[in-house]
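Visitor: I am new to reading protein structures, and I would like to go through one slowly with you. Could you show me the chain before I begin asking?

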Amino acid sequence: MKKFAFALFAVALAAVACSPAPDQSGNAALETIFNRKSVRSYTEQALSSQQIETLLRAAMCAPSGMNMQPWRFVVVTDPQVRNALGGLSAKASAVFVVCGETMMKGRPAEEGAEAPMVPNGNWNADCAAATENLLLAAEAIGLGAVWTACYPYEERMNQVRTVLGLPEGVTPYCVVPVGYPAGDDQPKDKWKPENIHYDRW
Ligand SMILES: Cc1cc2nc3c(=O)[nH]c(=O)nc-3n(C[C@H](O)[C@H](O)[C@H](O)COP(=O)(O)O)c2cc1C
């Protein structure tokens, strides 16, 4: 009996430890974070312009190094352009291409001189933060989305540049197809205590 009780306790403990969403305490933001997953199949239902704006507003709430906000977005709903982007973009009702301005105004050499353009070393971190916000917002309003790679893969970047006609200085960072989920994708459990160190490694 004692053995059985112990086994039951161990199973219960394991279930709690493995849960991707432990105690959410009814917190909507945490619930969204714990439930986000990559969604790669979509119905044909279009997104409303309000939904599109919500996702863009969420993306632009991201933190940004020196608050430069180097992100730029191209929202693609035209099926021809989506097809040209290829892969999952052809199947989703809307595609958000997150791009970045890689240069920013630096400090002028002397007062009154023109500010030189210098690389913004944070541009891709800022774009990543904006992308995650977009993915979370999609989850929060019942949509499915997936981050698909672009930067730093030259071939894909050139394809996206050409299809969208991106200007010089604007680099495509990633491509995010979004739509109403067609399947029943579930969040993955990524909780790994062995990846955590406290105070020192
Ligand atoms: C930098 C980055 C690049 C990714 N590229 C792709 C991609 O090209 N195609 C794709 O289907 N998923 C891509 N993903 C999604 C990952 O495969 C996915 O996040 C991972 O498998 C974990 O699954 P989850 O998002 O459901 O938690 C990418 C994710 C990141 C962060």
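Visitor: Is Met-66 buried or exposed?
Guide: Please keep in mind throughout that this is a predicted model. Met-66 lies in the loop between α3 and β1, and 11 other C-beta atoms are found within 10 Å of Met-66. A residue counts as exposed if 12 or fewer such atoms lie within that distance, so with 11 of them Met-66 is exposed.

Visitor: What is the phi of Met-66?
Guide: Most residues other than glycine have a negative phi. Met-66 is not a glycine, and yet its phi is positive, at about 55°.

Visitor: Is Gln-69 buried, exposed or partly exposed?
Guide: Gln-69 is also found in the loop between α3 and β1, and its phi is positive too, near 45°. Around Gln-69 there are 15 other C-beta atoms within 10 Å. Buried residues need 20 or more and exposed ones have 12 or fewer, so Gln-69, with its 15, is partly exposed.

Visitor: How are helices α3 and α5 oriented to each other?
Guide: Two packed helices are described by the angle between their axes and the distance between the axes. For α3 (residues 49-59) and α5 (residues 123-140), the axes come within 7 Å and cross at roughly 140°. Angles over 145 degrees would count as roughly antiparallel, and 65 to 115 as roughly perpendicular, so α3 and α5 are oblique.

Visitor: How many residues in the contact of α3 with α5 are charged?
Guide: On the α3 side the contact includes Thr-54 and Leu-55, which with others meet residues of α5, among them Asn-133 and Leu-134. The residues of this contact divide into eight nonpolar and two polar, while the number of charged ones is no more than none: there are no charged residues.

Visitor: Is Gly-144 buried or exposed?
Guide: Gly-144 sits in strand β5 (residues 144-145), and its contacts beyond its sequence neighbours include Val-39, Tyr-42 and Asp-185. Within 10 Å of Gly-144 there are 24 other C-beta atoms. Since 20 or more are enough for a residue to count as buried, Gly-144 is buried.

Visitor: Which two residues does a cis peptide bond join?
Guide: Most peptide bonds are trans. Here, however, a bond with omega of about 10° is cis, and one of its partners is found in the loop between β6 (148-149) and α6 (154-164). The residues joined by this bond are Tyr-151 and Pro-152.

Definitions and conventions. Residues numbered from 1 in each chain as written. Predicted model: local features only at pLDDT ≥ 70, side-chain atom pairs only at ≥ 80, totals over all residues. Axes fitted to C-alpha atoms, helices over the stretch in contact; angles between N-to-C directions. Helix = DSSP H or I, 4+ residues; strand = E, 2+ residues; numbered from the N terminus. Parallel < 35°, antiparallel > 145°, perpendicular 65-115°, else oblique. Contact = placed C-beta atoms within 7 Å. Nonpolar A, V, L, I, M, F, W, Y, C, P; charged D, E, K, R; others polar. Lists of a residue's contacts leave out its neighbours within four places in sequence.
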